[in-house]
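Take a walk through this model. Begin with its aromatic rings, then turn to a helix, and end with confidence.

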Amino acid sequence: MSRAAKIVANHGGFFDRLAGEGASCTTKMLEKFARFLVDPANWPGPVPQEVCDFAHAVGVSAPTATASSGKREAISPADHAQVTA
């Protein structure tokens, strides 16, 4: 968690600080974490559905290929044109 906090918030103790009484974070920071977490490049396998649900709740869209199967090469050429358009 401290590694993700360092990457996204530029503060390795972000979550420790957030756990303190009366602590909060901005909507902008919440969106930054959602964008980071929903990026398939940050996962060894498919993005977990819970992460996609979190990102959606925050208002961040998951990449279309991630939301389906995560297998971009399995998308038909016509569908690929729609995804990349």
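**Rings, a helix face and confidence**

Phe14, Phe15 and Phe33 form a cluster, linked by ring pairs (rings of Phe, Tyr and Trp, its six-membered ring, with centres within 6.5 Å). This is a predicted model: local features need pLDDT of at least 70, side-chain atom pairs count only at pLDDT 80 or more, and totals for chains, interfaces and linings use all residues. Residues are numbered from 1 along each chain as its sequence is written, and side-chain values use heavy atoms, leaving out hydrogens and water.

The whole structure holds three aromatic pairs. In one of them, Phe14 and Phe15 have ring centres 5.2 Å apart and planes at 80°, so the pair is edge-to-face (planes over 60 degrees apart). Phe14 is buried (under 20% relative accessible area), at 6%. Phe15 is partly exposed (between 20% and 50%; 1.4 Å probe, protein chains only), at 28%.

Now look at helix 4, residues 49-58 (helices are DSSP runs of H or I, at least four residues, numbered from the N terminus). Val51, Cys52, Ala55 and Val58 are buried there. Seen down the axis, they fall within an arc of 125° (directions from the axis to the C-beta atoms), so they line one face. Glu50, His56 and Ala57 lie on the other side and are exposed (over 50%). Gly59 follows the helix, with a positive phi near 100°.

How far can you trust the model? Mean pLDDT (the predictor's confidence in each residue, from 0 to 100) is 81 for the chain. Of its residues, 74% reach 70 or more. Among the elements, helix 3 (residues 27-38) has the highest mean, 95, and helix 6 (residues 77-84) the lowest, 47.

Technical notes
Helix = DSSP H or I, 4+ residues; strand = E, 2+ residues; numbered from the N terminus. Phe/Tyr/Trp six-rings, centres within 6.5 Å; stacked < 30°, edge-to-face > 60°.
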